[in-house]
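Please look through the model shown below, first following the backbone and then turning to the side chains. The report after it is arranged by region.

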Amino acid sequence: MKQYFAVGLIVFGMSVCSSLYAHALSKPTGPVILTVTGNITNTNTDSKTAEFDREMLMKLEVVEQRTTTPWSEGVDLYRGPLLKSLMAALGVKSGTLTVTALNDFSAVVPVEDAYDYKVILAMDINGQPMSVRTKGPLFLLYPFSDVASLNNEVIYNRSVWQIKSISVE
């Protein structure tokens, strides 16, 4: 009887430990292109932040989005992870995001936008990785062609390109 109890405790302990680490983020092996700080549950650095390289972001739920933007002519095909997939990986369910670009421009984005719309962190445009010159490495992109109501100044201002960091509040 004692042996079964001890085995049960070991199995229970292993399942608790594995669920604690089920959401642990791996560490980047390539150049870090996004750093997330603030009110996040899952981190991968000693400073309680999350760092992502391109490969890590492309392992999230990646989608393609064909859309126009106010900053380009015609329709382009963008590809990148859904913002809600990144939020899930970080353990974020609500709040606000301060999205900051390489030139320190920033915009406040409600986390709800990630769940209400198909917002992506565009990483590719028309089959090519986005460079700084083409608004990369990351561009917070709303589905402008799919949801007409998103075509307004508030949403345009939230559409940060050349993203380097996100702070979750």
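## A hairpin and its second partner

In this predicted model, strands β5 and β6 form a hairpin with 4 residues between them, and D104, which lies in the turn, has a positive phi of about 75 degrees. Strand β5 covers residues 96-101 and strand β6 covers residues 106-110, and the two pair in the antiparallel sense over 5 bridges. Within this pairing, T98 of β5 stands opposite V108 in β6.

Strand β5 also pairs with strand β11 (residues 163-168), again in the antiparallel sense and over 5 bridges, and here V99 stands opposite I166 in β11. Strand β5 is mostly covered, since 5 of its 6 residues are buried. One residue to look at in this strand is T100, which counts as buried because its relative accessible area is 13%, below the 20% cut-off. Leaving aside neighbours within four places in sequence, T100 is in contact with F105, S106, V160, Q162, I163, K164 and S165.

## The open sheet

A separate point of interest is an open sheet of 4 strands, in the order β3-β4-β8-β9, in which the pairing is antiparallel. The edge strands are β3 (62-67) and β9 (128-129), each of which pairs on one side only. Strands of a sheet pair through backbone hydrogen bonds, and this can happen in a parallel or an antiparallel sense.

At the β3 edge, the partner is strand β4 (residues 76-81), and the two strands pair in the antiparallel sense over 6 bridges. In this pairing T67 stands opposite D76 in β4.

## The nonpolar core and helix α3

The largest nonpolar core has 46 residues, and of these L34, F52, L86 and L90 touch the most other members. Helix α3 (residues 83-90) gives the most to this core, with 5 residues. Of the 8 residues of α3, 6 are buried, so the helix is largely enclosed by the rest of the structure; the buried ones are L83, S85, L86, M87, A89 and L90.

What does L90 touch, when residues up to four places away in sequence are not counted? The residues are L25, V36, I40, T41, N42, A50 and F52, and F52 is itself among the core members that touch the most others. Just after α3, G91 takes a positive phi of about 80 degrees.

## Aromatic pairs and a cluster

The structure holds 9 aromatic pairs. One of them is formed by F139 and W161, whose ring centres are 5.8 Å apart and whose planes stand at 90 degrees, so the pair is edge-to-face. F139 lies in strand β10 (residues 139-141), whereas W161 lies in the loop between α5 (153-158) and β11, so the pair ties together parts that are 22 residues apart in sequence. A pair of aromatic rings is described by the distance of the centres together with the angle of the planes.

Are the two partners buried or exposed? F139 is buried, with a relative accessible area of 0%, while W161 counts as partly exposed because its relative accessibility is 27%. W161 also has a charged residue over its ring, as K135 lies over the face of W161 at 4.6 Å from the ring centre. Both F139 and W161 belong to one aromatic cluster, which they form with W71, Y78, Y117, Y142, F144 and Y156.

## The chain as a whole

Taken over its full length, the chain contains 5 helices and 11 strands. The chain has 169 residues, of which buried residues make up 40%. The accessible surface of the chain comes to about 9400 Å², and 56% of this surface belongs to carbon and sulfur atoms.

Among the contacts in the chain with a separation of 6 or more, 58% are accounted for by residues 24 or more positions apart.

Methods:
Residues are numbered from 1 along each chain as its sequence is written. This is a predicted model: local features need pLDDT of at least 70, side-chain atom pairs count only at pLDDT 80 or more; totals for chains, interfaces and linings use all residues. Side-chain values use heavy atoms; hydrogens and water are left out. A nonpolar core is a set of buried Ala, Val, Leu, Ile, Met, Phe, Trp, Tyr and Cys residues joined through side-chain atoms within 4.5 Å. Buried means under 20% relative accessible area, exposed over 50%, partly exposed in between (1.4 Å probe, protein chains only). Contact means heavy atoms within 4.5 Å. Two strands pair if DSSP finds at least two bridges between them. Accessible areas come from the Shrake-Rupley method with a 1.4 Å probe; for residues, only the protein chains shown count as cover. Rings of Phe, Tyr and Trp (its six-membered ring) pair if their centres lie within 6.5 Å; planes under 30 degrees apart count as stacked, over 60 as edge-to-face and the rest as tilted. A charge sits over a ring if NZ of Lys or CZ of Arg is within 6 Å of the ring centre and within 35 degrees of the ring normal.
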